[in-house]
Structure formats: C-alpha cells, structure tokens
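This report reviews selected side-chain contacts and backbone features of one protein model. The sequence and the coordinates are shown first, and the description follows.

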Amino acid sequence: MQLVRGLHNLRPQHRGCVATIGNFDGVHRGHQAILTRLRERATELGLPNCVVIFEPQPREFFSPQRAPARLTRLREKLELLAAQGVDRVLCLAFNRRLCELSAWAFVQSVLVEGLGVRHLEVGDDFRFGCDRAGDFEFLCQAGAAEGFTVEAAVTVEVDGLRVSSTRLRAALSHGDLPLAERLLGRPFSLCGRVLHGQKLGRQLGTPTANVQLKRRRVPLTGVYLVSTELDGRRWPGVANIGVRPSVTGDGRAHLEAHLLDFAGDLYGRHLCVTFHHKLRDEERFASLNALKAAIDADIAAARAYWQGKPLTHELEQR
Ligand SMILES: Cc1cc2nc3c(=O)[nH]c(=O)nc-3n(C[C@H](O)[C@H](O)[C@H](O)COP(=O)(O)O)c2cc1C
Ligand SMILES: Nc1ncnc2c1ncn2[C@@H]1O[C@H](COP(=O)(O)OP(=O)(O)O)[C@@H](O)[C@H]1O
C-alpha cells in the first residue's frame with residue numbers, strides 16, 4: 001500500500017482511481033463494507049483503489065479537548081487499511097485551509113485534479129467541505145458534471161443498529177468487549193512501543209510492559225484479559241489501562257500488560273495489546289500489598305479464563 005501525504009505529493013501517475021473519503025477511525029465493519037465495495041468497483045474498472053483520510057481528524061482539529069478518544073492512531077489505521085486490500089492512502093492535513101475549502105473546491109482540487117476519480121464510494125452519512133455542505137446529492141451532481149459515478153455504501157447493522165465509531169466507543173467505555181468485537185469484526189487492540197516505567201511491577205512480583213500511549217486519550221479503562229503477539233506466537237495476559245490511582249504518577253493514562261508465563265526483555269519493542277474481556281474497574285488501593293493481592297487475583301482469573309481456550313492450547317504446544 002502506498003501512502004501519499006498531502007495533495008502536493010500527488011503525481012500525474014496517481015490520477016485515475018476509485019476512491020472513498022472518511023475518517024475510518026477503527027476500521028470497523030461499516031468501514032470494511034465500504035472498502036469491499038471500493039475494491040470490487042476498482043477491479044471492475046481496472047483501476048487502483050484509494051482511500052482519502054484526514055490527519056488530524058476534523059473533530060480533533062475543531063475541538064481538541066472535546067474530540068472523542070481515537071480508536072486507531074494513524075499507524076494502526078494504515079496497517080488495518082493495508083490489510084483490507086487498499087492500494088493507496090491519500091492523507092490530507094486537516095487545517096484551516098482545508099476546512100475553508102467549499103465543497104465544490106474540494107471536489108475540484110482533491111477528486112478531479114488531484115486524483116482523477118472515476119468512481120466514488122461513500123458512507124451513507126458522509127458530509128464534507130466548508131460547513132459540511134457537501135453531501136451525497138451534491139457529489140452525484142458534481143460527478144455528473146465531472147465524469148465520475150458515486151455510490152452510497154449500504155448501512156451495516158449489528159443487532160438492528162448501525163455500526164459506527166461512536167457506537168464502538170460506547171461499547172468500549174461500557175466494558176462490552178464482545179459487542180466491540182462484533183462491531184469491529186476482530187477484538188479491539190492498542191499498539192505502541194514498550195517504554196521504561198517506574199520499576200514497580202517487578203517489586204509487586206508482576207513485571208508489566210508499559211505500552212506507550214503518548215498523550216493519547218483512551219477509549220477504555222480498567223483491568224482486562226488481553227493477549228499479545230510476539231514473534232508469531234500469542235501470549236495471554238492481564239492489563240491495566242488508566243491513570244493507576246494507587247500509584248503517584250503523571251495523571252495520564254497508562255497501558256501496562258503482564259504476559260502470563262513470559263520472561264524476557266520487551267523494552268523498545270512494538271507491542272499490540274488485544275482486549276478480550278473486562279475483569280474490573282481500576283481501583284485506588286490503600287497499600288501496595290492490597291494492589292499486589294488484587295493483581296494476583298486478576299492473574300488467577302486470567303488463568304481460569306484461558307484454561308481450555310485456544311490460546312492456552314497454543315501455549316501448551318510450545
Ligand atoms: C492486572 C493489573 C491490574 C492493575 N490494577 C490496578 C488498580 O486497580 N489500581 C491501580 O492503581 N493500579 C493498577 N495496576 C497498575 C499497577 O499500579 C502498575 O502496573 C504498577 O504500578 C507497575 O508500574 P510500572 O510498570 O511503572 O513499574 C494494575 C496492573 C495490572 C497488571
Ligand atoms: N511476563 C512479563 N510481562 C511483561 N513484561 C515482562 C515480563 N517479563 C519480563 N518483562 C519485562 O519487564 C518489564 C517490566 O518490568 P517493570 O518492573 O514493570 O518495569 P517498568 O516499570 O520499566 O515497566 C517489561 O517491559 C519487560 O521488558
């Protein structure tokens with residue numbers, strides 16, 4: 001998959017494609033349905049497919065404090081899009097200049113002159129351009145004038161309700177990991193580099209890999225049964241994500257994962273933590289002993305959970 005950052009990096013050879021535009025945060029089953037249609041239409045027309053995304057996402061630009069927690073950072077999003085068979089991503093910086101473009105100017109500069117779009121696939125509620133004036137009807141008219149076709153992807157539903165990034169965030173914040181998995185078509189994961197922490201984990205008898213979240217706000221908090229892949233093997237574990245109220249810290253969210261029966265150095269490695277089941281909320285413990293007892297109980301619960309499940313089986317085969 002090719003990544004093109006900014007309109008100015010588009011070259012004449014990038015013109016002529018089948019495209020879609022959106023945030024694609026989470027790359028959930030609704031997004032996946034659009035991407036499937038995109039691939040199908042591109043194959044029919046013998047053209048590459050292209051996804052246009054924005055970074056930051058528009059709501060992060062307009063109200064950084066109030067924008068919802070991201071489900072996928074750019075790197076995660078790009079990996080998921082690549083896995084969905086996307087040929088090219090055009091990542092546009094969402095800034096004052098871009099948000100002041102009229103819907104018409106956006107179509108002209110991005111879709112017509114930049115990408116030479118021949119077919120556009122959009123979500124059913126897609127809106128764009130200054131004041132979100134561009135909608136499906138507008139795109140159809142623009143397409144008729146400029147020589148591209150437009151199709152609205154069908155709505156994907158789970159339990160009779162539309163799949164959306166907002167619904168996914170709600171499922172995660174309520175600890176409903178099974179619903180999140182059904183909305184995503186895979187369990188939810190967060191990825192990052194393993195950093196040095198306060199070296200308290202070892203003291204508690206439970207080393208925990210500190211996964212870098214940067215200043216990222218997180219869509220879920222609490223203690224979870226997790227798994228992670230290392231060198232082609234899945235390791236079950238337990239993880240805490242949140243501000244760690246029992247430990248004096250920086251007030252920011254941390255993701256810390258202890259892998260069952262693993263011993264080794266993870267510092268500097270890129271780790272993806274997959275969340276399977278919520279055990280409990282984070283608690284403020286009065287002493288480190290109380291925290292240690294709670295973590296030991298979480299680990300016992302994790303062992304009981306994985307007993308007889310495929311992951312344990314995989315481990316037994318080592
Ligand atoms: C399974 C698990 C459960 C945890 N639960 C809590 C909790 O309820 N409250 C809390 O303040 N910290 C909790 N923690 C976070 C620990 O405080 C943290 O992992 C420990 O401070 C180690 O930090 P370090 O990696 O910086 O050394 C939990 C950690 C794990 C692995
Ligand atoms: N089973 C394990 N699960 C997680 N990390 C482990 C494990 N065994 C060893 N480690 C290593 O120990 C480190 C965590 O130890 P810890 O005392 O919590 O230090 P820190 O505060 O730097 O995270 C991890 O980053 C990893 O390199």
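The model is predicted, and 13 aromatic pairs are counted in it. One of them joins Y305 and W306 in an edge-to-face arrangement, with 4.9 Å from centre to centre and 85° between the planes. The label follows from the angle, because planes over 60 degrees apart count as edge-to-face. The two partners differ in their exposure class: Y305 is partly exposed, at a relative accessible area of 25%, whereas W306 is buried, at 6%. Apart from this pair, one aromatic cluster is formed by F54, F61, F62, F94, W104, F106, F126, F128 and F138.

**Backbone features**

The peptide bond that leads from E55 to P56 is cis, and its omega is near 0°. P56 itself is placed in the loop between strand 3 (49-55) and helix 2 (58-62).

Positive phi values are found at F24 and at D159, neither of which is a glycine. For F24 the angle is about 50°, and the residue sits in the loop that runs between strand 2 (17-21) and helix 1 (29-45). For D159 the angle is about 55°, and this residue belongs to the loop between strand 7 (157-158) and strand 8 (161-162). What is the relative accessible area of F24, and is the residue buried or exposed? The value for F24 is 3%, so the residue is buried. D159, in contrast, has a relative accessible area of 54% and is therefore exposed.

**Salt bridges**

The structure holds 16 salt bridges. Three of them are listed below with the N to O distance of each pair.

| Salt bridge | N to O distance |
|---|---|
| E44 and R41 | 2.3 Å |
| R75 and E79 | 3.4 Å |
| E256 and R244 | 2.4 Å |

The bridge between E44 and R41 lies within helix 1, where the two residues are three positions apart and thus separated by about one helical turn. Their side chains do not share an exposure class: E44 is exposed, at 54% relative accessibility, while R41 is buried, at 18%. The value of R41 falls into the buried class because that class covers residues under 20%.

R75 and E79 are likewise placed in one helix, namely helix 3 (residues 74-83), with a spacing of four residues, or about one turn of the helix. Here both partners are partly exposed, with relative accessibilities of 46% for R75 and 41% for E79.

Where do the partners of the bridge between E256 and R244 lie? Their closest N and O atoms are 2.4 Å apart. E256 belongs to strand 13 (residues 254-259) and R244 to the loop between strand 12 (233-242) and strand 13, so this pair ties together parts that are twelve residues apart in sequence. Both E256 and R244 are buried.

Beyond single pairs, salt bridges also link R37, E40 and E151 in a network.

Definitions and conventions. Residues are numbered from 1 along each chain as its sequence is written. Chains are lettered from A and ligands numbered from 1 in the order in which they are written. This is a predicted model: local features need pLDDT of at least 70, side-chain atom pairs count only at pLDDT 80 or more; totals for chains, interfaces and linings use all residues. Side-chain values use heavy atoms; hydrogens and water are left out. Rings of Phe, Tyr and Trp (its six-membered ring) pair if their centres lie within 6.5 Å; planes under 30 degrees apart count as stacked, over 60 as edge-to-face and the rest as tilted. Buried means under 20% relative accessible area, exposed over 50%, partly exposed in between (1.4 Å probe, protein chains only). A salt bridge is a side-chain nitrogen of Lys or Arg within 4 Å of a carboxyl oxygen of Asp or Glu.
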